[in-house]
Amino acid sequence: MNSINQEQIFMYFFFIGIIIAFIFTFFKCLRKHMKSSDTLIFIEDVIFLFISGLLIITNIINLNNGEFRFYMLIGIFFGIIIYSLTINKVCVIILNVLINIIFQLLNIYFLLYVGIFLLIA
């Protein structure tokens, strides 16, 4: 049995809310850089919900022996709100730069791969 009190569990779920908001921001930035069809958006949403649900459920089981308490939901909510009001804009800028770099590297790799393939063929 864990000896974690309610304040500690609240803080854990507060940080889980921040993590969930960051994951949402990542998918939002990714959508901006890709032409997304409705099917792809649906798949991204399912992946986001799966990751979020898995994160919440595993922590409820590990931290509170599977007992859900309302203050956990409040902690997640406050984590999302505080993230949105404070570091969201900075994370969007950083994620946009990283995604641009990754797409440029993939583009260079693809061009080199196709060029080598065309030379061989």
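Start by selecting Cys-29: at 2% relative accessibility, this cysteine counts as buried, because the cut-off is under 20%. Keep in mind that you're looking at a predicted model.

While you're there, where is the nearest cysteine sulfur to the one in Cys-29? Show Cys-91 as well: its sulfur is the nearest, 8.9 Å away, and Cys-29 is in no disulfide. Cys-91 is in no disulfide either. A disulfide needs the two sulfur atoms within 2.5 Å, so this pair doesn't make one. The count for the model comes to 0 disulfides. Cys-91 is buried too, since its relative accessible area is 13% and the limit is 20%.

**Next stop: helix H1**

Now select residues 6-33, which make up helix H1. Put a distance between the C-alpha atoms at its two ends and you should get 41 Å. With 28 residues at 1.5 Å a residue, the expected span is 40 Å, so the two values agree. Which residues of H1 are buried? Colour Ile-9, Phe-13, Phe-14, Ile-16, Gly-17 and Ile-20, then add Ala-21, Ile-23, Thr-25, Phe-27, Cys-29 and Leu-30. To see what these buried residues pack against, bring up helix H2 (38-64), helix H3 (70-85) and H4.

**Along helix H4**

Select residues 88-120 for H4. The ends of H4, taken at their C-alpha atoms, are 47 Å apart; its 33 residues at 1.5 Å each should span 48 Å, so this helix agrees as well. The buried residues here are Asn-88, Cys-91, Val-92, Leu-95, Asn-96 and Ile-99, and they pack against H1 and H3.

Zoom in on Asn-88, which lies in H4. Buried or exposed? Asn-88 counts as buried because its relative accessibility is 15%, under the 20% cut-off. Leaving out residues up to four places away in sequence, Asn-88 touches Thr-25, Lys-28 and Tyr-83.

**Out to the surface**

For the last stop, turn on the surface and select Val-90, Ile-93, Ile-94, Val-97, Leu-98, Ile-101, Leu-105, Ile-108 and Leu-112. Together they form a nonpolar patch with about 840 Å² of accessible area. Check the spacing of the numbers as you click along. An α-helix has 3.6 residues a turn, so residues three or four places apart point the same way.

Finish on Leu-112, a patch member that is found in helix H4. Leu-112 counts as exposed because its relative accessibility is 53%, over the 50% cut-off.

Definitions and conventions
Residues numbered from 1 in each chain as written. Predicted model: local features only at pLDDT ≥ 70, side-chain atom pairs only at ≥ 80, totals over all residues. Heavy atoms only, no water. Helix = DSSP H or I, 4+ residues; strand = E, 2+ residues; numbered from the N terminus. Buried < 20%, exposed > 50% of the residue type's maximum accessible area, 1.4 Å probe, protein only. Contact = heavy atoms within 4.5 Å. Patch = residues over 30% accessible without salt bridge, like charges linked within 9 Å, V, L, I, M, F, W, Y side chains within 5 Å. Areas by Shrake-Rupley, 256 points an atom, 1.4 Å probe, with all protein chains shown as cover. Salt bridge = Lys/Arg side-chain N within 4 Å of Asp/Glu carboxyl O. Expected span 1.5 Å × (residues − 1).
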